[in-house]
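The following conversation is intended for a first-year student. Please look at the sequence and the structure before reading on.

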Amino acid sequence: MVITSAVTDPEEQTQSLHSTFASRYVRDPIPRFKMPEKCIPKDAAYQIINDELMLDGTPRLNLASFVTTWMEPECDKLIMASLNKNYVDMDEYPVTTELQNRCVNMIAHLYHAPIGEDEAAVGVGTVGSSEAIMLAGLAFKRKWQAKRKAEGKPYDKPNIVTGANVQVCWEKFARYFEVELKEVKLTEGCYVMDPVKAVEMVDENTICVAAILGSTLTGEFEDVKLLNELLTKKNKETGWNTSIHVDAASGGFIAPFLYPDLEWDFRLPLVKSINVSGHKYGLVYPGVGWVVWRSKDDLPEELVFHINYLGSDQPTFTLNFSKAGSSQIIAQYYQFIRLGTEGYKNIMENCRENARILREGIEKMGRFNIVSKDVGVPLVAFSLKDSSQHTVFEVSDHLRKFGWIVPAYTMPPDAQHIAVLRVVIREDFSRGLAERLVSDIVKVVDLLDTLPSPLSTKKAHVVAVANNETSEKAKKSALETQKEIALYWKRLVDGKRVGAC
Ligand SMILES: *Cc1c(COP(=O)(O)O)cnc(C)c1O
């Protein structure tokens with residue numbers, strides 16, 4: 001949840017909500033920030049909220065997000081029917097629990113976990129990859145601490161080695177659970193973690209190396225196989241036993257279907273846990289993720305809570321108790337049995353094809369460099385060849401006028417001078433939409449060509465003022481403008497990673 005900020009404007013405080021059609025049912029406006037005293041008819045409440053929500057963007061045109069925006073109506077029905085089931089009541093809803101376990105096992109098999117014939121996989125359904133990463137990180141931290149304690153060594157400075165391209169939830173894990181994040185810096189042209197540099201950074205306090213399957217910024221897969229090789233060698237030399245977590249939030253449902261021979265999962269011995277977002281290419285609405293461990297030994301028993309819930313022992317490993325989990329779990333199970341590997345493969349191939357069409361369309365314009373790779377999560381990330389007059393941020397702003405939400409952001413250190421636009425291709429992004437987007441980008445680029453550059457006009461103004469005027473006032477104004485230019489750039493560079501989620 002976003003933390004609400006206090007409203008400073010007293011006008012705002014007293015403001016009320018007025019609704020167009022709801023005035024047919026309610027005479028008095030309802031207060032914005034205080035609970036209304038009186039109740040209102042249900043159709044009025046519906047109308048007021050529905051009207052206000054019209055101002056939100058259209059999820060299907062939101063090309064910033066990996067998160068599913070469309071499911072089949074049959075699944076919508078199942079979701080609606082299970083919204084009132086509290087997933088944590090495993091005793092009352094044993095079938096839902098069983099469906100969760102089936103999903104965990106299907107995912108573990110998909111990732112080649114070494115599971116014996118009558119063995120169950122180890123894993124849980126979570127609230128997205130963020131919770132999954134918190135749990136996986138905790139397991140690594142505990143295991144490392146236990147080992148250090150047993151060796152009589154200090155265990156107060158754990159770290160994780162990862163690329164500077166990590167998703168923000170790793171920074172969250174690091175801060176909340178007091179683990180240092182040691183980030184491998186990026187370079188121009190290489191926007192993923194370099195395994196050689198990563199392994200160099202590993203020390204005795206490293207609880208794991210986190211590799212990303214599908215960098216959020218460019219969709220590129222990191223080389224987990226090489227990482228596994230290099231780390232095995234280092235472990236032999238040092239006796240440290242450092243292992244790997246794979247953050248497959250976006251790529252976990254891409255790689256098994258499009259690149260089945262790519263070794264990134266439990267086929268590599270040092271990979272101990274993997275997370276994936278069910279609500280990204282798992283094709284379920286927001287609210288579900290998964291984490292699976294290689295084996296029981298990789299999840300410390302002391303983190304598992306055995307809840308005696310209404311008479312039966314339920315082992316759990318989650319951050320929260322109640323959550324809106326049932327409908328999401330059921331929806332994930334629906335997708336698994338409805339689509340099977342064949343269905344997932346078809347959908348992912350389609351996404352890859354649409355990404356190709358979009359990429360080729362953008363390349364043909366001759367104005368952009370493509371930053372994303374052909375192998376990876378189906379998305380197109382691209383930067384302007386020449387940004388001396390206009391920037392990708394202006395392209396993004398102008399595309400909004402056509403209804404498209406295409407984020408623009410700068411790369412993390414040491415590639416922060418590169419700014420890119422990113423279009424995520426989801427199942428609901430059709431070939432027709434890809435073609436339409438290309439033609440709208442052409443329109444935007446043509447329009448920008450006719451507009452003065454915000455940068456050069458400001459520069460020209462500074463020069464003119466400095467040359468022609470000597471009064472104090474003019475000097476001050478020149479200084480102000482210079483400051484403004486600096487601020488303009490700062491704004492472009494700072495905070496532009498938001499939207500890349
Ligand atoms: C999306 C994403 C996350 C966060 O996942 P949520 O499911 O949104 O919590 C973490 N890592 C990567 C690489 C991602 O793409």
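The questions below concern confidence, one helix and one sheet.

Visitor: What is the average pLDDT of the chain?
Guide: This is a predicted model, in which local features need a pLDDT of at least 70 and side-chain atom pairs count only at pLDDT 80 or more, while totals for chains, interfaces and linings use all residues. Residues are numbered from 1 along each chain as its sequence is written. The pLDDT is the predictor's confidence in each residue, from 0 to 100. A score of at least 70 is reached by 86% of the residues, and the chain average is 88.

Visitor: Over which residues is the pLDDT below 50?
Guide: Where pLDDT is low, the predicted coordinates should not be read in detail. The stretch in question has 13 contacts beyond near neighbours in sequence, a contact being two residues whose C-beta atoms, placed from the backbone, lie within 7 Å. The pLDDT is below 50 over residues 495-501.

Visitor: How far does helix α8 reach from its first C-alpha to its last?
Guide: Helices here are DSSP runs of H or I with at least four residues, strands are runs of E with at least two, and both are numbered from the N terminus. Helix α8 covers residues 224-238, 15 residues in total. The expected span is 1.5 Å times one less than the number of residues, and for α8 this is 21 Å. The model comes close to that value, with a reach of 20 Å.

Visitor: Which residues of α8 are buried?
Guide: A residue is buried if 20 or more other C-beta atoms lie within 10 Å of its own, exposed if 12 or fewer, and partly exposed in between, with C-beta atoms placed from the backbone. On the other side of α8 from the buried residues, Lys233, Lys236 and Glu237 are exposed. The buried residues of α8 are Val224, Leu227, Asn228 and Leu231.

Visitor: Why do these buried residues lie on the same side of α8?
Guide: An α-helix has 3.6 residues a turn, so residues three or four places apart point the same way. The arc is that of the directions from the helix axis to the C-beta atoms. The buried residues of α8 are on the same side because they cover an arc of only 100°.

Visitor: Which strands stand at the edges of the open sheet?
Guide: Two strands pair if DSSP finds at least two bridges between them. Four strands form the sheet in the order β12-β13-β15-β14, with antiparallel pairing. Two of them have a single partner strand each, so one side of each is left without a neighbour in the sheet: β12 and β14.
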